[in-house]
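Let's take a walk through this model together, one region at a time. Have the sequence and the 3D view open side by side as you read.

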Amino acid sequence: MSTFITSVASLLVAYIVGKLMVARRERRNFPPGPKGLPLIGNALDFPTVNLGPEYVQWGQRYNSLSKYLVLTAKLNPTGDILHASAFGTHVIIINNRQIADELFERRAVKYSDRPYSPTIDLAGMSSYNLGVMRYGEKWRIGRKFALQVFRQASTSPNNFSAAIITGVHQALKGLLHSPERLWDHNKIVCVFDNRLPALFVGFRLSISIPMSSMYGYDAKSVSDPCITAADASFTINMELASPGGSFINILPALRFIPPWFPGAFSRRKAETARKLTDEMVSIPLEFTKARVAQGDARPSVVADLLERKNTVGVSEEEEAALLSVAPTAYAAGSDTTQSSTGTFLYLMVSNPDVQRKAQAEIDSILGSKRLPGYEDRPSMPYVEAIYREVLRWRPPGSIGFPHSTTEDDVYDGYFIPKAKLQWIERADSIFYRAMTHDETKYPDPMAFKPERFINPDGSLNDDDRIMAFGFGRRVCVGKHVASATVRPISILAVFNLEKARDQSGTVIEVNGEYYEFGLISLLSITLHDSRKKPFKCSILPRSEAARQLVEQVSA
Ligand code: HEM
């Protein structure tokens, strides 16, 4: 034990000395930001809740306007780039869309990596999840493949689009027969976090669709072993990577200590997470392999790969890429989808006028005779505007998803350092805030107004860039699937969403609060998410015809 303490103490001293030397070397012209304390930097300044709005205030407080862009009138006065640091890890915060476009799109070659997290790596997540995978060949092949599968899903009938339709229909049936399970505290616990109640519709749509389309695997409930493993693995990952979650985040070299070593609690936890991750990946894969061998596999992306492998053969790269992309679909897509579905329902209940207007548009096209399909999308601009406004009003990741740099860079005179990956360093991160509350572009940003996206003649305007999906080469690869899944059209076509009443008939106000959770850790990868807290509401079929339409679907 004393050897262990001595090793930790020497590593700590080496770390502090290293940091002081690096800090001395690095008196560069960083973008403005809060003045930090020696060694710990701004560790105490970083907000843990309300990050998006807080970073906007930082922008105003530290007056970090881009001089060049202001002078050339290219930037509005709230435009912003900020710098902060903690324990030597630099963080650049970008509050402005033009700057995000410049760095992530035009200089993508330098800005497309992800920060390295020793704990997430140990727990096995970075080997299968495209979202946290480092920028490189494996990510490139996986991403290319994911793009093909997910993009097709929204444009042509295939396994994925069929799964989306089935998922949506299942959700409608679920709502018809058990609307009270919308927020089911007992059974439908959050897929990724046992402490939070999840959204029934979100669950059906977000988990069942990728599982079914990727593997032909029907995850019927959250007690499904694959979902349980995914849930438990994700929870441990979150714990380990959260602030104070593990010494490994402070001293990455500790990752080399074997799990059996006395006191190596985090290593043991990471080992458990790795086993759960392996289960999560292997359960649906083994299921599909068995079905293919028996000759009764349902059409799915993985079944197709295995059948081709047995007949015409597939390259090793293709197989590896595909097998790593398949679990990504439910790991990366379900939480975000749940989050935005929750926001959509909340906004519909709180804005009955918007709901009625959308239903009038839907009825004018469908006439209550059928459920909407893909082909109806272009004919319903107002419904489309609701979709855009939901993701503008409350993007699921309030500060985006961190990118990391692979080279030093200078932007408008400000120094942006290359992320360091030596053994005692961590990757530096660049956060962008989803710039969806820029008052100059979206006046009265907290108001929910789908009309922002509508031209005076009723058509959609050209503001179709959904910033909630991110930027550059790491932009959400599932955005087409998300747009097909999250779109509110089917629910509004058949249900009225209203405030619930208590037994005495008094209206129950809807709870507008959000859970905010995530890893506000500058010592490791930094994620942040928010999810709607549950609220009571009434979900009733709009008419007998609507009820029958839902009953008739084959889900
Ligand atoms: C409303 C729903 C969703 C939102 C708001 C969302 C948002 C995001 C964001 C912000 C990123 C990071 C972008 C960046 O780094 O700049 C991302 C990445 C990603 N998303 Fe989504 N997402 C959603 C749904 C989905 C779905 C349904 C899937 C899969 C079917 C998916 C798969 C992915 C993957 C694989 C990545 C990682 C891409 C990479 O790092 O190369 N997402 N998403």
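A good place to begin is a meeting of two helices: Leu285, Thr288, Lys289, Arg291 and Val292 of helix 11 are in contact with Val302, Ala303, Leu306 and Glu307 of helix 12. Please keep in mind that this is a predicted model. Helix 11 covers residues 265–294 and helix 12 covers residues 301–310, and their axes come within 10 Å of each other, crossing at roughly 50°. Angles of 35 to 65 degrees fall outside the parallel and perpendicular classes, and helix 11 and helix 12 are therefore oblique to each other. The crossing of this pair, helix 11 and helix 12, is right-handed.

Now move back along the chain to a hairpin. Strand 1 (residues 81–86) pairs with strand 2 in the antiparallel sense, over six bridges. One of the partnerships to look for joins Ala86 to Thr89 in strand 2. Two residues sit between the strands of this hairpin, and there Phe87 takes a positive phi near 50°.

How much of strand 2 is buried? Six of the six residues in strand 2 (residues 89–94) are buried, so the strand counts as mostly covered. Turn the view and you can check both faces: Thr89, Val91 and Ile93 are buried on one side, while His90, Ile92 and Ile94 are buried on the other.

Helix 4 (residues 97–106) is worth viewing end-on. Its buried residues are Arg97, Ile99, Ala100, Leu103 and Phe104. Looking down the axis of helix 4, you will find these buried residues within an arc of 155°, so they line one face of the helix.

Finally, let's turn to some backbone angles. Most residues other than glycine have a negative phi. Asp412, although not a glycine, has a positive phi of about 50°. You can find Asp412 in the loop between strand 3 (409–411) and strand 4 (414–416). Is Asp412 buried or exposed? Asp412 counts as partly exposed because it has 14 C-beta neighbours inside 10 Å.

Asp444 also is not a glycine, and its phi is positive at about 50°. Look for Asp444 in the loop between strand 5 (429–432) and helix 16 (479–486). Asp444 counts as exposed, because 10 C-beta neighbours lie inside 10 Å of it.

How values were computed
Residues are numbered from 1 along each chain as its sequence is written. This is a predicted model: local features need pLDDT of at least 70, side-chain atom pairs count only at pLDDT 80 or more; totals for chains, interfaces and linings use all residues. A residue is buried if 20 or more other C-beta atoms lie within 10 Å of its own, exposed if 12 or fewer, and partly exposed in between; C-beta atoms are placed from the backbone. Helices (H or I, at least four residues) and strands (E, at least two) are DSSP runs, numbered from the N terminus. The arc is that of the directions from the helix axis to the C-beta atoms. Two strands pair if DSSP finds at least two bridges between them. Axes are lines fitted to C-alpha atoms, for helices over the stretch in contact, and angles run from 0 to 180 degrees between N-to-C directions. Angles under 35 degrees count as roughly parallel, over 145 as roughly antiparallel, 65 to 115 as roughly perpendicular and the rest as oblique. A crossing is left-handed if the near helix is turned anticlockwise from the far one by less than a right angle, and right-handed if clockwise. Two residues are in contact if their C-beta atoms, placed from the backbone, lie within 7 Å.
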